[in-house]
Amino acid sequence: AALFLFAAVAQAQFSPGDLVVLRDGTGSGALSSAGTAIFLDQYTTTPSGYVNSLAIPSTGSSALVNSGSAASEGGLNLSGDGQYLVFAGYNAAAGTASIAGTTAAAVPRGVATVDASGNYILAATTSSFFSGNNVRSGATDGSGNFWAVGANSGAVYMGTGTPGPVSSTVANNRIIQDIAGNLYFSTGSGTSRGIYEISGTPTSGANTAVSLINNGGGASPYDFTFNSSLTIAYVADSSPFTNSTTIGGVEKWSYNGSAWVFDYSLSYGTNGAVGLAVNFSGANPIIYATSANGASLFTVTDTGSSATGSLLDTAGANEAFRGLDFAPVPEPSTFAMIGLGVMTLWGFRRNRKS
């Protein structure tokens, strides 16, 4: 039994602390508006730190694909409990033409999860919402409730209850997350572009979304993350980075007790950013991001407004990096089983030597 446990651990797909990048494309043909295969690539946090890749089914009943040319799709985030990577897409086969323009009745939109062992589940689908347009991001609390955002339906509940919008304050959204028991989403639509909060994790009703971070009418915010005290936020903005005093790249925001205030922007090169993960454990937060053109995975240590980034990896030809987050952690019971296996095997080896 102990040897079996060690075999299971050795086969784990993802390692806590590593990065996971959602990649569109197999490299075999140019990215287009057709349905495109999704891969979850694991990296260490060092340059050229590629570890492995998990292919998401692109055929069959559990298939989930993205539009290869839609840079707004492919958001990747951790569940509220940190045990699952969550992403959204189209429940159709790779190659489906002009997939974002299909009706949801013909091509359901879906939310999927992947755990630390690489187990993939197409968790929820809808044949009603995000019809004729993009589905971009999904979220879950890890307890059977799922939400999605996209181009035309607001924040939509897709869990075990009755699917439907939980907020239409802003209809055109990009990234949704469950953070500390509340829903947050980003929007690049209208004049109040930025990050919004929906109180709690509602499964129905017309809940008001409150604007927290207003990037302004010219901004293009995507992924975002907060520190544990919700006093510092980083926002990935696809607007080109020009200098630290303007919106674009990865923006740092601080809460002054009454409002969120823009501090400065950071980047690698002049590209904006879409995917984002931040390690807040040290004195200086370490930022990881994917570039808005889909070509780069980069990092910046936030030592201040003059900090410069460095390249970690580059997407291959006919491929694009989209969403980004840290690897999921195993379920607590898995840690307990690993500990039991270690003790059992240690005892076995002691007995063999005595």
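**Strands, spaces and side-chain pairs**

Mentor: Let's start with a pair of residues: Arg23 stands opposite Phe321 in S26. Keep in mind that this is a predicted model.

Trainee: Happy to. What makes S1 and S26 count as paired strands?

Mentor: Two strands need at least two bridges between them. Strand S1 (residues 19-24) and S26 are joined by five bridges, so they count as a pair, and they run antiparallel.

Trainee: Which sheet holds them, and what is its strand order?

Mentor: The order is S4-S3-S1-S26, an open sheet of four strands with antiparallel pairing. Strand S4 (50-55) and S26 are the edge strands, each pairing on one side only. From one strand to the next, the twist averages 25°.

Trainee: Back to Arg23. Why is its contact with Glu319 called a salt bridge?

Mentor: The rule asks for a side-chain nitrogen of Lys or Arg within 4 Å of a carboxyl oxygen of Asp or Glu. For Arg23 and Glu319 the N to O value is 3.3 Å, so the pair qualifies. By this rule the count comes to four salt bridges.

Trainee: What does the bridge between Arg23 and Glu319 tie together?

Mentor: Arg23 belongs to strand S1, while Glu319 sits in the loop between strand S25 (310-314) and S26, so the pair links parts that are 296 residues apart in sequence.

Trainee: Now the other sheet. Why do S18 and S21 count as edges there?

Mentor: That open sheet has four antiparallel strands in the order S18-S19-S20-S21. S18 and strand S21 (260-266) each have a single partner strand, so one side of each is left without a neighbour in the sheet. Its twist, too, averages 25° from one strand to the next.

Trainee: How many bridges link S20 and S21?

Mentor: Strand S20 (residues 249-255) pairs with S21 over six bridges in the antiparallel sense. At least two are required, so S20 and S21 pass as well. Tyr255 stands opposite Trp260 in S21.

Trainee: What links the rings of Tyr255 and Trp260 to other aromatic residues?

Mentor: Ring pairs do: Tyr184, Phe224, Phe226, Tyr255 and Trp260 are linked into a cluster. Two rings pair if their centres lie within 6.5 Å, and the structure holds 13 aromatic pairs.

Trainee: Phe226 caught my eye. Which residues lie closest to the centre of the largest pocket?

Mentor: The pocket has a volume of about 480 Å³. Of its 21 lining residues, Leu78, Gln177, Ile179, Thr225 and Phe226 are closest to the centre. Two or more lining residues come from each of strand S6 (77-78), strand S14 (176-179), strand S18 (221-226), strand S22 (273-279) and strand S26 (320-326). S18 gives the most, with four residues.

Trainee: What kinds of residue make up that pocket lining?

Mentor: The lining divides into 11 nonpolar, seven polar and three charged residues.

Trainee: And why is another space called a cavity rather than a pocket?

Mentor: A cavity is a set of points where a 1.4 Å probe fits but cannot get out, whereas a pocket is an open set. A search of the whole structure finds one cavity of 30 Å³ or more. About 70 Å³ of space lies in the largest cavity, so it clears that cut-off.

Trainee: Which residues and strands surround the largest cavity?

Mentor: Among its 14 lining residues, Glu73, Gly75, Val274, Arg322 and Gly323 lie nearest the centre. S18, S22 and S26 each give two or more residues, with the largest share, three residues, from S26. This lining divides into six nonpolar, five polar and three charged residues.

Note on methods:
Residues are numbered from 1 along each chain as its sequence is written. This is a predicted model: local features need pLDDT of at least 70, side-chain atom pairs count only at pLDDT 80 or more; totals for chains, interfaces and linings use all residues. Side-chain values use heavy atoms; hydrogens and water are left out. On a 1 Å grid over the protein atoms alone, a cavity is a set of points where a 1.4 Å probe fits but cannot get out, and a pocket is an open set with protein on both sides within 12 Å along at least five of seven lines; lining residues have an atom within 4 Å of a point. Grid points are joined across faces, edges and corners, and a volume is the space filled by probe spheres set on the points. Ala, Val, Leu, Ile, Met, Phe, Trp, Tyr, Cys and Pro count as nonpolar, Asp, Glu, Lys and Arg as charged, and the others, Gly among them, as polar. Rings of Phe, Tyr and Trp (its six-membered ring) pair if their centres lie within 6.5 Å; planes under 30 degrees apart count as stacked, over 60 as edge-to-face and the rest as tilted. Axes are lines fitted to C-alpha atoms, for helices over the stretch in contact, and angles run from 0 to 180 degrees between N-to-C directions.
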